[in-house]
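Colleague: I should be grateful for a close look at one part of this structure, followed by whatever is needed to place that part in its surroundings. The aromatic side chains would be a suitable subject.

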Amino acid sequence: MTKERGASIIFLIIGLYGLVLCRQLPLGDWRDPGPGFLPCGLSILLIASGVLWLIRGKKGGEGKKKEKIIWRDAGKKLLTPAKILAVTAVFVLLLERTGYLLTSFLYVFIVFFWISRFPLWIALGLALIIGLGSWYFFGGILGVPLPRWNLFNF
Amino acid sequence: MDVLNNLLDGFQIALSYKNIYLCLLGCIWGTMVGVLPGIGPLAGITLLIPATFGLGPTGGIIMLAGIYYGAMYGGSTTSILMNIPGESASVVTCLDGYQMTLKGRGGAALFISAWGSWVGGTLSIVGLMFLTPFLANFATKFGPPEMFAILLIAFILLGSLGRGSFFRTIPMVFLGLLVSTIGMDPFTGTLRFTHGVTELYDGIDFIPVAMGAFGVSEILISTEESLVRITHRVRLRELLPTREELRASWGPIFRGSGLGFLLGLLPGSAHVLASFVSYLTEKRLAQKPEEFGTGRIEGVAGPETANNAASGSAMIPFLGLGIPTGPAPAVMMIALMIHGVRPGPLFISEHAQIFWALIASMYIGNVILVILNLPLVSLFVNMLRVPFRILFPIILLICLVGTYSVNASTTDLIVLLCFGVFGYVFRKLQYDVASFILAMILGPMMEMTFRQSLMRSAGSFSIFWGSSISLVLMVASGLLLLWNIYRELRPTKATWESALKEGG
Amino acid sequence: MKKILGFSVFTLVCFLSLSMGLIQAADYPTRPITLINPMPPGGTLDVQARAWAAVAEKYLGQTVVVVNKPGATGMVGAVAGAKAQPDGYTLTVASVNFTNAIEWERANGRRPPFNYDDFIYIGSFTMSPTLVVVPYDSPYKSLQDLMKDAQAKPGQLVYCSGGLYGMSHLPIAIFANATGLKFRHVPYKGGGPCLQAVVGKHVDFAFQYPPTSLPLMRGNKLRVLAVAGERRLKSIPDIPCFKDLGINAEYYGWVGIAAPKKTPPPIVEKLREATKKTAEDKAFNAMIEKPGDEVYYLHGDEVRKHIEKEGKTIAEIDQELAKEAPKK
């Protein structure tokens with residue numbers, strides 16, 4: 001599985017998805033393009049790109065180096081980013097329910113404790129400073145409308 | 001000369017303590033708002049409208065204008081230092097700016113960006129001063145066919161953006177265009193790819209995509225191996241650009257001013273267009289275009305100048321005609337209306353004082369901003385020396401708040417994360433994410449102007465070369481396309497040599 | 001032991017939150033109020049809403065913070081406003097866009113994400129008709145000229161609007177329906193670009209609102225042929241209105257305030273009073289009238305009745321428009 005092939009497969013899948021969906025839209029013609037005109041055209045182009053690259057990949061692309069995806073390393077490399085994504089996703093889901101102050105504090109705390117591996121007290125302290133500081137700076141000074149925790153209204 | 005007399009009068013008003021103070025306030029606020037990604041000048045201006053209620057029209061508009069171009073100055077900071085576009089016009093700055101930071105030249109990039117912004121801003125005000133009545137009318141001659149022709153040129157330029165293989169850019173461009181069709185079709189009201197999610201009706205907002213695909217993905221990639229990032233200690237001398245860099249920047253700065261000024265007149269978010277046409281132009285004109293994307297100063301100087309120049313000229317249709325061409329001038333116009341001043345074709349004659357005071361304070365504002373931004377360069381660069389383990393959640397928080405601040409929407413945050421993953425995946429696969437984003441911006445505008453033109457002409461294509469402006473532009477785009485093809489197909493030195501070897 | 005502690009804490013929290021709710025109802029408002037604006041920042045609606053917020057603060061005694069939640073012609077913000085806590089601290093800017101959005105969804109066979117009765121209407125403060133505008137050197141000297149030409153060349157005259165099924169498209173559709181004329185529609189993104197197209201002579205005419213059109217008229221960049229409503233405007237008394245010309249095609253852009261449907265009546269009363277006072281406030285009137293609009297106050301119940309009326313007209317026209325969308 002080379003990088004080019006991986007990308008081609010992605011393009012192919014997205015192109016197929018687009019093609020399936022866009023067929024329901026009226027197409028129109030060159031003189032009066034309908035809403036489906038552009039999406040269908042693009043989906044076809046994407047599929048074509050995907051297919052072309054797969055073929056080109058097999059033939060061995062003119063001396064250009066193909067770069068392989070090394071699966072073994074991938075697992076290790078993905079660990080931290082995956083953790084970060086997971087915690088951030090939780091932040092996003094909680095944000096409007098528990099308000100910015102609490103959510104950001106929890107978020108920063110978890111990141112510092114679990115991912116950056118700070119000792120508990122330091123993580124708590126830093127999280128408090130960053131949470132409060134950012135709340136004051138963004139919400140207070142810049143006036144960004146940050147969600148409040150409906151129960152306690154901060 | 002009449003103009004200069006009026007300008008002097010304007011300076012008299014603008015140099016009052018109150019007005020200088022308001023200008024300063026606006027500039028500082030604008031810089032903060034601009035530095036913070038996502039928030040952008042629009043929100044900053046809108047938030048402060050109530051504060052201007054007590055100020056009177058002159059003071060009010062001076063402050064609001066200060067916010068507007070202050071934000072243009074600040075927008076490049078996070079783009080250069082953290083690869084997070086501060087606002088839409090700064091996306092292109094991320095490309096080379098961030099690479100310069102990684103090489104330790106971040107300070108120089110910031111410096112040149114501030115400097116270019118000053119030149120671009122000031123030159124654009126000069127243009128504004130002399131040419132408003134004439135240019136305001138010119139801007140209205142740009143209808144859908146003309147806009148489409150310009151976008152076509154930009155699109156052709158885009159095809160040559162990708163670093164390295166042409167083939168790694170093209171599918172991303174297609175993907176960007178496809179993603180840009182998500183939402184309600186403005187012509188027929190049919191929903192494309194929305195799966196019943198109301199928040200997607202207007203399509204995917206571009207700020208979360210850019211912040212995700214650039215900023216978040218950058219963090220994800222950086223944290224793969226370890227949480228330690230080696231930043232080298234920056235000394236004061238290194239903050240300043242080298243003589244070479246300065247010399248290299250002059251061309252882009254002047255070209256950027258011109259391009260930005262012209263493009264800023266156009267409707268829509270022309271400062272975005274200006275910054276990236278400037279980038280693409282510089283790339284085309286450079287001696288070693290392959291190096292763009294690895295940290296060339298031209299890639300920062302040009303776009304940053306262009307976007308400041310564009311913000312100056314974007315005020316022309318608004319001041320000269322009373323038609324705002326973008327959301328930020330629209331808000332300023334409405335602020336004026338609240339104060340009882342009606343912007344419109346008679347604005348300059350009826351309210352000459354306000355107009356000239358505004359122009360004078362724009363000069364002052366640009367100077368204030370340059371003085372403000374230069375020392376801030378070392379401040380910002382040093383902020384980056386905070387250990388990465390502590391810094392990265394802060395950066396993520398900035399991205400999250402910045403995205404949320406645009407529409408107060410959690411859906412945007414989800415988009416942010418999704419495109420963070422998207423950016424991560426494609427950057428690992430070594431495909432060009434910048435082309436994707438730029439295609440996403442161009443796409444809707446191109447589709448819209450194309451269909452608007454055809455609707456107007458009832459399907460006849462002749463509308464595209466009907467007016468003299470569109471004819472010239474279409475011819476230009478045709479030539480550009482031919483030139484591009486020629487450059488791709490032209491035998492390179494290497495193939496000549498191997499052909500000679502084989503032959504001889 | 002832990003269980004007892006946990007239970008006590010839980011009870012305490014419940015008690016505190018409930019009592020805070022009760023305290024709040026008694027002397028509302030005790031903290032800042034959020035006003036959700038479903039329209040993008042900077043538009044005329046946004047500015048009028050902010051003007052209301054700035055003046056109503058005086059009568060309510062607490063700051064009113066405007067938060068823009070744009071999307072889907074106002075549907076995103078409206079849904080957020082409908083789902084908000086009915087404690088009077090989260091209000092929504094209601095406007096004709098509610099009706100526009102709901103009826104368009106229905107006409108396309110989709111269930112709208114919110115409904116009229118998800119809100120209690122506090123009141124409205126503008127009721128603006130559109131103006132028929134043409135480029136300055138257009139050959140049409142009056143609305144009758146335009147209509148005659150349109151009859152002679154059906155489907156050839158081009159108009160622009162700020163967006164499909166929006167506030168500047170529907171009045172024309174209603175007009176076309178009432179007069180049996182056919183035009184070609186070129187949608188733009190917003191009123192501003194559409195006006196620019198009129199000034200630049202890229203289209204033949206458009207229907208736009210007074211605050212943005214009047215300055216251009218005064219600057220001789222375009223001409224106003226008629227007022228698309230039943231009354232003439234104070235600022236341009238010489239221009240005939242549709243009623244004068246015998247055309248029955250009314251559409252008004254109105255802006256008002258709404259609260260989630262379960263908001264307690266005493267709070268609603270307080271808000272209604274504040275809105276009425278704001279509508280009569282001199283500063284507020286100045287802010288609305290200076291750009292060229294007019295203040296026109298309607299009590300919340302009257303707003304609801306108006307919505308019913310316009311709902312019918314808009315539903316009808318949306319059905320027509322939905323049918324016309326190309327279904328090849």
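Modeller: Chain A of this predicted model contains 5 helices and 2 strands. Read from the N terminus, its elements follow the order α-β-β-α-α-α-α, so that one helix precedes the two strands and four helices come after them. Of the 154 residues in chain A, 41% are buried. When contacts between residues at least 6 apart in sequence are considered within this chain, 51% of them join residues at least 24 apart.

The part chosen for closer inspection lies in helix 4 of chain A, which spans residues 100-115. Across all chains the structure holds 38 aromatic pairs. One of them joins A:Phe109 to A:Phe113, with the ring centres 5.8 Å apart and an angle of 5° between the planes. The pair counts as stacked because its planes are under 30 degrees apart. As to position along the chain, A:Phe109 and A:Phe113 are 4 residues apart in helix 4 of chain A, and therefore about one helical turn separates them.

Which of the two side chains is buried, and which is partly exposed? A:Phe109 has a relative accessibility of 17% and so counts as buried, the limit for that class being under 20%. A:Phe113, at 39%, is partly exposed, because its value falls between the 20% and 50% limits. The stacked pair thus brings together a buried ring, that of A:Phe109, and a partly exposed one, that of A:Phe113.

Chain A also takes part in an aromatic grouping with another chain. A:Phe11 belongs to one aromatic cluster with B:Phe419, B:Phe422, B:Phe426, B:Tyr431 and B:Phe436.

Chain B, in turn, meets chain C. There, 48 residues of chain B are in contact with 50 residues of chain C. About 4,000 Å² of area is buried between these two chains, and carbon and sulfur atoms give 66% of it. Between chain C and chain B there are 0 salt bridges, while 6 residue pairs are in polar contact, both residues of each being at pLDDT 80 or more. On the chain C side, at least two residues each come from helix 2 (44-60), strand 2 (64-68), helix 3 (75-82), helix 4 (96-107), strand 6 (184-187), helix 7 (191-199) and helix 8 (210-218). Sorted by class, that side of chain C has 26 nonpolar, 13 polar and 11 charged residues.

Conventions: Residues are numbered from 1 along each chain as its sequence is written. Chains are lettered from A and ligands numbered from 1 in the order in which they are written. This is a predicted model: local features need pLDDT of at least 70, side-chain atom pairs count only at pLDDT 80 or more; totals for chains, interfaces and linings use all residues. Side-chain values use heavy atoms; hydrogens and water are left out. Contact means heavy atoms within 4.5 Å. Buried area is the accessible area (1.4 Å probe) that two parts lose on being put together, summed over both. A salt bridge is a side-chain nitrogen of Lys or Arg within 4 Å of a carboxyl oxygen of Asp or Glu. A polar contact is a pair of N or O atoms within 3.5 Å; within protein, one must be able to donate a hydrogen and the other to accept it, and residues adjacent in sequence count only if both atoms are side-chain atoms. Ala, Val, Leu, Ile, Met, Phe, Trp, Tyr, Cys and Pro count as nonpolar, Asp, Glu, Lys and Arg as charged, and the others, Gly among them, as polar. Rings of Phe, Tyr and Trp (its six-membered ring) pair if their centres lie within 6.5 Å; planes under 30 degrees apart count as stacked, over 60 as edge-to-face and the rest as tilted. Buried means under 20% relative accessible area, exposed over 50%, partly exposed in between (1.4 Å probe, protein chains only).
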